[in-house]
Amino acid sequence: MTRRSTFGVRLREAMDARGPLCVGIDPHAALLDAWGLHDDVGGLETFASTCVEALAPHAAVIKPQSAFFERFGAAGVAVLERTIRDSQQAGALVLLDVKRGDIGSTAQAYAEAFLHPDAAAPVDAVTVSPYLGFGSVRPFLDVAHAHGRGVFVLALTSNPEAPSVQHARTSDGLTVAGGVLAGVAAENADRYADAALGSVGAVVGATVGKTDEDLDIGGPLLAPGFGAQGGTVEDLRRIFAGVTGRVVPTSSREILTAGPSVVSLTERFQQVAASVRGLGE
């Protein structure tokens with residue numbers, strides 16, 4: 001059986017073909033209401049299927065936020081699984097935003113639930129939290145490596161509480177975020193040095209402002225907060241100077257508020273996508 005290409009290689013190909021923009025599918029109650037949908041499983045299904053129809057044939061990456069599906073229980077998870085499969089069938093890579101973080105056998109179970117090919121709806125990559133120590137994400141890294149999938153590790157997030165943890169200095173002189181970035185860089189250097197793009201990425205918010213951290217991690221840099229949350233193309237160029245070709249800007253509300261029309265959603269996506277298409281040049 002032919003071994004599947006690495007996630008980093010597939011992501012590089014998708015970004016080159018479709019542009020770097022990642023679109024979040026975030027069916028929270030306010031958006032369902034704005035679309036004229038009920039805040040129930042039926043509304044969730046309509047919202048998700050409309051997003052897939054409008055966006056998955058065009059975007060390099062689709063990023064469902066798992067929590068907004070999970071809140072409806074088993075029926076919501078079933079909608080999430082269909083969203084994953086339908087998005088992949090339309091040609092998009094699927095990054096599941098789950099931000100899982102645990103240790104030992106529990107982390108292993110989470111990794112297998114999302115990244116193992118025998119999972120109910122395996123995704124191309126997941127987000128994880130390393131704040132139980134970078135070693136706590138090892139099961140995700142190993143399962144992803146074994147099956148050609150990817151992991152995005154939270155590093156510099158833009159929530160107001162983040163600096164008290166992420167900017168703190170450790171005994172080796174690095175910030176906590178710097179240690180996370182160094183761990184990601186080491187993983188890519190060890191396992192993906194010969195790939196066009198490493199399969200382990202970092203999450204660095206598009207609104208974190210100037211940073212002195214080394215973002216040359218050898219893998220992709222997911223930049224949430226682009227668009228309605230305030231991140232601009234100028235912010236991306238400033239924060240990610242020197243590595244803009246690896247940046248995957250993420251936009252959700254900026255695009256989703258154009259719904260419920262499929263045509264309007266696609267048009268809004270094309271407008272936002274055009275603004276970042278030359279980011280790496």
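Start by selecting leucine 115, which is buried with a relative accessible area of 0%. The model on screen is a predicted one. Leucine 115 belongs to helix α6, residues 104-115. Now show what surrounds the side chain. Setting aside residues up to four places away in sequence, leucine 115 touches a group that includes Val123, Ala125, Val126, Phe140 and Val143. Further along the chain, its contacts also include Ala144, His147, Arg149, Gly150 and Val151. Add phenylalanine 152 to the selection: the C-alpha atoms of leucine 115 and phenylalanine 152 lie 13 Å apart, with a separation of 37 residues in sequence.

**Strand β8**

Next select residues 247-251, strand β8. Is this strand enclosed or open to the outside? Of its 5 residues, 5 are buried, so β8 is largely enclosed by the rest of the structure. In a regular strand, side chains alternate between the two faces of the sheet. Turn the view to check each side of β8: Val247, Pro249 and Ser251 are buried on one face, and Val248 and Thr250 are buried on the other.

Which strands pair with β8? One is β1, residues 22-25, which pairs with β8 in the parallel sense over 2 bridges. To find this pairing, pick cysteine 22, whose bridge partner in β8 is threonine 250. Another is β7, residues 221-223, which runs parallel to β8 and is joined to it by 3 bridges. Here leucine 222 stands opposite valine 248. Keep β7 and β8 displayed and add helix α10, residues 233-239; together they make a right-handed β-α-β unit.

**Strand β2 and its partners**

Go back to β1 and select β2, residues 61-64, as well. β1 and β2 run parallel and are joined by 4 bridges. Valine 23 is opposite isoleucine 62 in this pairing. Isoleucine 62 also has valine 94 as a bridge partner in β3. Strand β3 covers residues 93-100 and pairs with β2 in the parallel sense over 2 bridges. Then look at the side chains of β2: Val61 and Lys63 point one way, Ile62 and Pro64 point the other way, and all are buried.

**Helix α5**

Select residues 73-89. This is helix α5, with 17 residues and a reach of 25 Å from its first C-alpha to its last, close to the 24 Å expected at 1.5 Å a residue. Colour Gly76, Val79, Leu80, Thr83, Ile84 and Ser87, the buried residues of the helix. Viewed down the axis of α5, these buried residues fall within an arc of 140°, so they line one face. An α-helix has 3.6 residues a turn, so residues three or four places apart point the same way. What covers the buried residues of α5? The cover includes the strands β1, β2 and β3, together with the helices α3 (41-55) and α4 (66-70). Rotate to the face turned away from the buried side to find the exposed residues Ala74 and Gln89. After α5 comes glycine 91, with a positive phi near 105°.

**Threonine 266**

For the last stop, select threonine 266 in helix α12, residues 262-276. Threonine 266 has a relative accessible area of 16%, and therefore counts as buried, the cut-off being under 20%. Apart from neighbours within four places in sequence, threonine 266 is in contact with Ala54 and His58. Display the backbone of alanine 54: its oxygen lies 2.9 Å from a polar atom of the threonine 266 side chain.

Methods. Residues are numbered from 1 along each chain as its sequence is written. This is a predicted model: local features need pLDDT of at least 70, side-chain atom pairs count only at pLDDT 80 or more; totals for chains, interfaces and linings use all residues. Side-chain values use heavy atoms; hydrogens and water are left out. Buried means under 20% relative accessible area, exposed over 50%, partly exposed in between (1.4 Å probe, protein chains only). Two strands pair if DSSP finds at least two bridges between them. A crossover is right-handed if, with the strands pointing away from the viewer, the path from the first strand over the helix to the second runs clockwise. Contact means heavy atoms within 4.5 Å. A polar contact is a pair of N or O atoms within 3.5 Å; within protein, one must be able to donate a hydrogen and the other to accept it, and residues adjacent in sequence count only if both atoms are side-chain atoms. The expected span of a helix is 1.5 Å times one less than its number of residues. The arc is that of the directions from the helix axis to the C-beta atoms.
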